[in-house]
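Trainee: I am new to this structure. Can we go through it step by step?

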Amino acid sequence: MGGVVGGLIGGGSGVLFVPALDRFTAMSRARVHGTSTIANIGVCVAGAAGYAAGGGALDLRVGAGLIVGATIGGVIGPRLLARASENLLRVLLIAILVLTAAKLAVDAFAPALLSDALVPDRLIADPWFLHSATTVVGLVIGAWAGAMGLGGGLLAVPAMVLLFGTELHVAAGTSLLMFIPNSIVGTVVHLRQGTASWRWGRLLAITAAPGTLAGVALGLSLDAVVLGLVFATFAAVMAVRETVQLLRRRRHSSS
């Protein structure tokens, strides 16, 4: 199921991997997030290959900087997990998910209300600005993904769609390609600092691959508007889920 989600929306498998590992294993929260990072390798490799084989386009003009930034972020992220407030990381995710759900819903029902991209076309056309901006965005997203192990597609796909006007199918495939090196680097760091289980991560990576290919096939078969509504619904549900968990954590810490 994690693979299907990852293939369909360009990442995000960790939203299933993390709760499942937390529920069915005795690992600490840090090891759960690290193990999910290992599992994402299988999702990203299978997903990127599936998009390439299925004729899905990849935007390397936007993706090149994201890949570089995300790879650096993969080194920073696992260390960030040990220092940064998990509440802060959750708040960031909730804000992005709400904005993404709103943007994609508006695009589906009233496309004339919002422009295609928040960044002006003249800046997107400037390679110096584009590569610098995408590298910074990739660094932030890669660090978050490396820390949380939730699959960076939850942030990378919205970033490409909202900031740079990338078409949703293209953003999904590019996101999967982007997080191959991020997941590998994050895995190495997590294993070295003892915040991951190689056994569980390897099993999830292998078993997620067939589901990822099924998710890719489904994503490529859907119209862009329908896929946008699917992603918007998923983002809204995840925003509600993360908000509930955040409130529970605060209530538990204050009691």
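**Spans, helices and a surface patch**

Mentor: Start with the record. UniProt, in an unreviewed entry, places the feature "transmembrane region" at residues 6–25, 37–54, 60–81, 88–114, 134–163, 170–191 and 211–240. Keep in mind that this is a predicted model.

Trainee: How far apart are the end C-alpha atoms of residues 170–191?

Mentor: UniProt lists 170–191 under "transmembrane region". In the model this span is 100% helix and 0% strand. Its end C-alpha atoms are apart by 32 Å.

Trainee: And what is the helix content of residues 211–240?

Mentor: The ends of this span lie 25 Å apart, C-alpha to C-alpha. Strand makes up 0% of residues 211–240. Helix makes up 93%.

Trainee: Is Thr166 buried or exposed?

Mentor: Place it first. Thr166 sits in the loop between helix H8 (153–164) and helix H9 (168–193). Beyond its neighbours within four places in sequence, it contacts Asp59, Val62, Met160, Val161 and Ala171. Its relative accessibility is 7%, and buried means under 20%, so Thr166 counts as buried.

Trainee: Which residues does Gly146 touch, leaving out those up to four places away in sequence?

Mentor: Gly146 belongs to helix H7 (residues 127–148). It is buried, because its relative accessible area is 1%. Residues up to four places away do not count, and the list is Thr37, Gly77, Pro78, Asn182 and His190.

Trainee: How far apart in space are Gly146 and Thr71?

Mentor: In sequence, 75 residues separate Gly146 and Thr71. In space, go from C-alpha to C-alpha. That distance is 9.3 Å.

Trainee: Which helix gives the largest share of the nonpolar surface patch?

Mentor: The patch covers about 360 Å² and is made by Val68, Ile72, Val75, Ile76 and Leu139. Four of its residues come from one helix, residues 60–83. That helix is H4.

Trainee: Is Val75 buried, partly exposed or exposed?

Mentor: Val75 lies in helix H4 and is one of the patch residues. Its relative accessible area is 32%. Partly exposed runs between 20% and 50%, so Val75 is partly exposed.

Trainee: Why is helix H1 largely enclosed by the rest of the structure?

Mentor: H1 covers residues 2–9. Its buried residues are Gly2, Gly3, Val5, Gly6, Gly7, Leu8 and Ile9. H1 is largely enclosed because the buried residues number seven of eight.

Trainee: What phi does Gly10 take?

Mentor: Gly10 comes just after H1. Its phi is positive. The value is about 80°.

Notes
Residues are numbered from 1 along each chain as its sequence is written. This is a predicted model: local features need pLDDT of at least 70, side-chain atom pairs count only at pLDDT 80 or more; totals for chains, interfaces and linings use all residues. Side-chain values use heavy atoms; hydrogens and water are left out. UniProt positions are given in the numbering used here, feature names are shortened, and annotations may be inferred rather than shown by experiment. Helices (H or I, at least four residues) and strands (E, at least two) are DSSP runs, numbered from the N terminus. Buried means under 20% relative accessible area, exposed over 50%, partly exposed in between (1.4 Å probe, protein chains only). Contact means heavy atoms within 4.5 Å. Patches are made of residues with over 30% relative accessible area and no salt bridge: like charges are joined within 9 Å, nonpolar side chains (Val, Leu, Ile, Met, Phe, Trp, Tyr) within 5 Å. Accessible areas come from the Shrake-Rupley method with a 1.4 Å probe; for residues, only the protein chains shown count as cover. A salt bridge is a side-chain nitrogen of Lys or Arg within 4 Å of a carboxyl oxygen of Asp or Glu.
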